[in-house]
Amino acid sequence: MKTYLISPDKKQYKANLHCHSVLSDGRKTPEELKELYKSHGYDILAITDHERPHDHQAMSDKDFLMLTGYECYIRPNARYDKYDREVHLNLFARDPHNVKMINFDERYVHYLKRDNAIGELVRVGDERPREFSAAYINEYIKTAKEHGYIVTYNHPYWSMEDEADILAYEGLFSLEICNYGSYLINNLDYCGALYDKMLCKGKRMFCHGADDNHNAHPVDGPYCDSFGAFTMIMPDAFTYDSVFSAMETGEMYASMGPLFKEVSVENGSIHIECSDAKSIFLYMGSKTPACRIAEEGKSVNCADFKIDENARYVRVSVRDEKGRWADTRGFFPDEFGF
Ligand SMILES: [Zn+2]
Ligand SMILES: [Zn+2]
């Protein structure tokens, strides 16, 4: 029996799941961001301003969906210190009109001085000063989930966190495997190797790519932080509910350019079809991923690999001629039929 990890029959929708507007420290208005992304071929945008959720549903239309969410952060001291660790999480709301603020701490909401509507928001959770500990971060994630959010872990290298730090966090649904803002400006945060280390340890977490754009520079210049990393989502229908469910169940993959057409498993082998690439890798949690590499001047767009009997998981990564990656999530043996 063939098991589809990415089905050729499911429509894929292009999403930017991490984005800042003038409502926090971005330079473009929510309306400008919607038009910009829509005109660049995107179908879905989550404007995830710092520390304050906004309901942008009035901007959704039949061809374009706004997701409700926000980005929170937790630091050893509330102040920014570029030499210290900090954790950033994106929260996405199951209910598009849910704008509950989790664990409000006034030391973290300096961005909101431009916006005087905090008083109208529902605040939930523990409002003691935020603590930088795994126990506190886990409590934060748990509270967010109890109040209808799913939670991603953002830009691990920019955050100066390593594998052991992230392994201690529970209840995250996805790792931001590419944060284009810090990839472009800081040469950080393409996190394929880190993601594999987490999967090797049995951490069940999906992966996604996002811009984390602030648009401080012109969109047609070399410092443009938009349109660099994205997530392809494969919902059953193009509705908020369906898109959210697809994210929640891992019907998505991360990309900086290449696209997957099919990934399927049958009789112990994996079949991969993708857009033109220079190399296709299959990771299984071992020292030796399988690979197919194109000859000089040529490209590859399919590969078949035998899956090791004792593979810890399977995950496909492809790289195109511009060095841009696309990455599936990790699929564990109980998901691919071993
Ligand atoms: Zn961040
Ligand atoms: Zn951000």
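**Exercises on a zinc site and a pocket**

In this predicted model, both E71 and H88 are buried, meaning under 20% relative accessible area with a 1.4 Å probe and protein chains only. Residues are numbered from 1 along each chain as its sequence is written, and side-chain values use heavy atoms, with hydrogens and water left out.

**Exercise 1.** Find which residues coordinate the zinc ion (ligand 1), and place E71 and H88 in the chain.

*Solution.* Begin with the donors, which are N, O and S atoms within 2.8 Å of the metal (3.2 Å for Na, K and Ca); water is not among the atoms, so sites may look incomplete. The zinc ion (ligand 1) is held at 2.1 Å by E71 through OE, H88 through ND1 and H155 through NE2. Next, read their spacing in sequence, which is E-x16-H-x66-H. E71 belongs to strand β5 and H88 to strand β6 (residues 87–93), so that this pair, 17 residues apart, links distant parts of the chain; strands here are DSSP runs of E with at least two residues, and helices are runs of H or I with at least four, numbered from the N terminus. Finally, turn to the second ion: E71 bridges the zinc ion (ligand 1) and the zinc ion (ligand 2), which lie 3.4 Å apart.

**Exercise 2.** Determine which element gives the largest share of the lining of the largest pocket.

*Solution.* The elements that give two or more residues to this lining are β5 (69–74) and α4 (180–186). Of these, α4 gives the largest share, 4 residues.

Conventions. Chains lettered and ligands numbered in written order. Predicted model: local features only at pLDDT ≥ 70, side-chain atom pairs only at ≥ 80, totals over all residues. Buried < 20%, exposed > 50% of the residue type's maximum accessible area, 1.4 Å probe, protein only.
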